Amino acid sequence: MLNLVLFGPPGAGKGTQSNLLIDKYNLVHLSTGDILRGEISAGTDLGLKAKAIMDRGDLISDQIVIGMISSKLDKSPNTKGFIFDGFPRTVAQATALDNLLSQKGTSISAMLSLKVEDDELINRLLARGKESGRSDDKNENIIANRINEYNNKTAPLKKFYATQKKLSEIEGLGSIKDIAQKLNTVIDNL
Ligand code: B4P
């Protein structure tokens, strides 16, 4: 199986690039952000709890997102692989993911980490906020908190995957097409 973690700070292009990779490599896309926004739209209990947390730019609890991913993995038993977008975001989530995949006789193939500087992230997210109405993209203080959460809790995962010799860092500044080509080159050499 080809199991990819697409990684990077908020606004780095994870969702954008995932949409291109799933078609090219025929993978199942698991975006915890999309799943949570689906729960919010459906007005579920989880969605109601998640909305308040996401609107502050904080992370949802590990227990909730690990449970969500576990049930989604079970729903695609015959896939060629998964692309994990926005997950894992903490060391606890990464450890749980390794365990879940190992129970299925598979593992993460690579972490593809997109590098983008903070000013560009803020500009991209504010621009998306104007178009999409996403409440966590509209306010610069919330975006700053999301970047802070990333630096404190999520960025340490690069070391987690580097220790497993699975980390590839890719420049995330440039055209969407050029970045996609760089990702394809890394994946084709796995
Ligand atoms: P996510 O949905 O994962 O969203 P994100 O970090 O904002 O990145 P996204 O993938 O959407 O954006 P992209 O970079 O593609 O998380 C939202 C919230 O959900 C979190 O804050 C947290 O509260 C919660 N959450 C999700 N997963 C969680 C987990 N595992 N644990 C705990 N909490 C969790 O794109 C951004 C913009 O940039 C787009 O408008 C795009 O068009 C543009 N763009 C992309 N590439 C570009 C390029 N090369 N040049 C110019 N613009 C580009």
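Let's start our tour at Asp55, which lies in helix H3, a helix covering residues 45–56. Keep in mind that this is a predicted model. From Asp55 we move along helix H3, on to the ligand and its surroundings, and then to some loops with unusual backbone features.

**Helix H3 and its partners across the chain**

- Asp55 has a relative accessible area of 26%, so it counts as partly exposed, a class that sits between buried (under 20%) and exposed (over 50%).
- If you look for Ile143 in the structure, you will find its C-alpha atom 9.8 Å from that of Asp55, although the two residues are 88 residues apart along the chain.
- Arg56 is also in helix H3.
- With a relative accessibility of 46%, Arg56 is partly exposed.
- Arg56 can be paired with Ala144: these two are 88 residues apart along the chain, and their C-alpha atoms are separated by 10 Å.

**The ligand and where it sits**

- Where is the ligand found? The ligand sits in the largest pocket.
- A shell of 29 residues surrounds the ligand, and the closest are Gly13, Thr32, Arg37, Asp58 and Arg146.
- Sorted by class, this shell holds 10 nonpolar, nine polar and 10 charged residues.
- Four helices each supply at least two residues of the shell: H1 (14–25), H2 (32–42), H6 (118–132) and H9 (176–188).
- Which helix gives the largest share of the shell? That is H2, with four residues.

**Atoms that come together at the ligand**

- The side chain of Thr32 has an N or O atom that is 2.7 Å from a nitrogen atom of the ligand.
- In the side chain of Lys14, an N or O atom is 3.1 Å from an oxygen atom of the ligand.
- Ile60 takes part through its backbone: one of its backbone N or O atoms lies 3.1 Å from a nitrogen atom of the ligand.
- How much of the ligand does the protein bury? The ligand taken alone exposes 1000 Å², and the protein buries 88% of that.

**Backbone features worth finding**

- Phe87 and Pro88 are joined by a cis peptide bond, with omega at about -5°.
- To locate Pro88, look in the loop between strand S3 (82–85) and helix H5 (91–103).
- Asn26 is not a glycine, yet it has a positive phi of about 60°.
- You can spot Asn26 in the loop that runs between H1 and strand S2 (28–31).
- Lys165 also has a positive phi of about 60°, although it is not a glycine.
- The loop that holds Lys165 lies between helix H8 (157–163) and strand S5 (167–171).
- Is Lys165 buried or exposed? Its relative accessibility is 76%, so Lys165 counts as exposed, the class for values over 50%.

**Two more residues to compare with their partners**

- Pro77 is located in the loop between helix H4 (62–74) and S3.
- Because its relative accessibility is 65%, Pro77 counts as exposed.
- Pro77 and Lys104 are 27 residues apart in sequence, and their C-alpha atoms are 9.0 Å apart in space.
- Asn148 belongs to helix H7, which spans residues 140–154.
- Asn148 has a relative accessibility of 40%, so it counts as partly exposed.
- How far apart in space are Asn148 and Leu112? Their C-alpha atoms are 20 Å apart, and in sequence the two residues are 36 residues apart.

Notes:
Residues are numbered from 1 along each chain as its sequence is written. This is a predicted model: local features need pLDDT of at least 70, side-chain atom pairs count only at pLDDT 80 or more; totals for chains, interfaces and linings use all residues. Side-chain values use heavy atoms; hydrogens and water are left out. A residue is near a molecule or strand if one of its heavy atoms lies within 4 Å of it. A polar contact is a pair of N or O atoms within 3.5 Å; within protein, one must be able to donate a hydrogen and the other to accept it, and residues adjacent in sequence count only if both atoms are side-chain atoms. Accessible areas come from the Shrake-Rupley method with a 1.4 Å probe; for residues, only the protein chains shown count as cover. On a 1 Å grid over the protein atoms alone, a cavity is a set of points where a 1.4 Å probe fits but cannot get out, and a pocket is an open set with protein on both sides within 12 Å along at least five of seven lines; lining residues have an atom within 4 Å of a point. A molecule sits in a cavity or pocket if more than half of its atoms lie within 2 Å of its grid points. Ala, Val, Leu, Ile, Met, Phe, Trp, Tyr, Cys and Pro count as nonpolar, Asp, Glu, Lys and Arg as charged, and the others, Gly among them, as polar. Buried means under 20% relative accessible area, exposed over 50%, partly exposed in between (1.4 Å probe, protein chains only).
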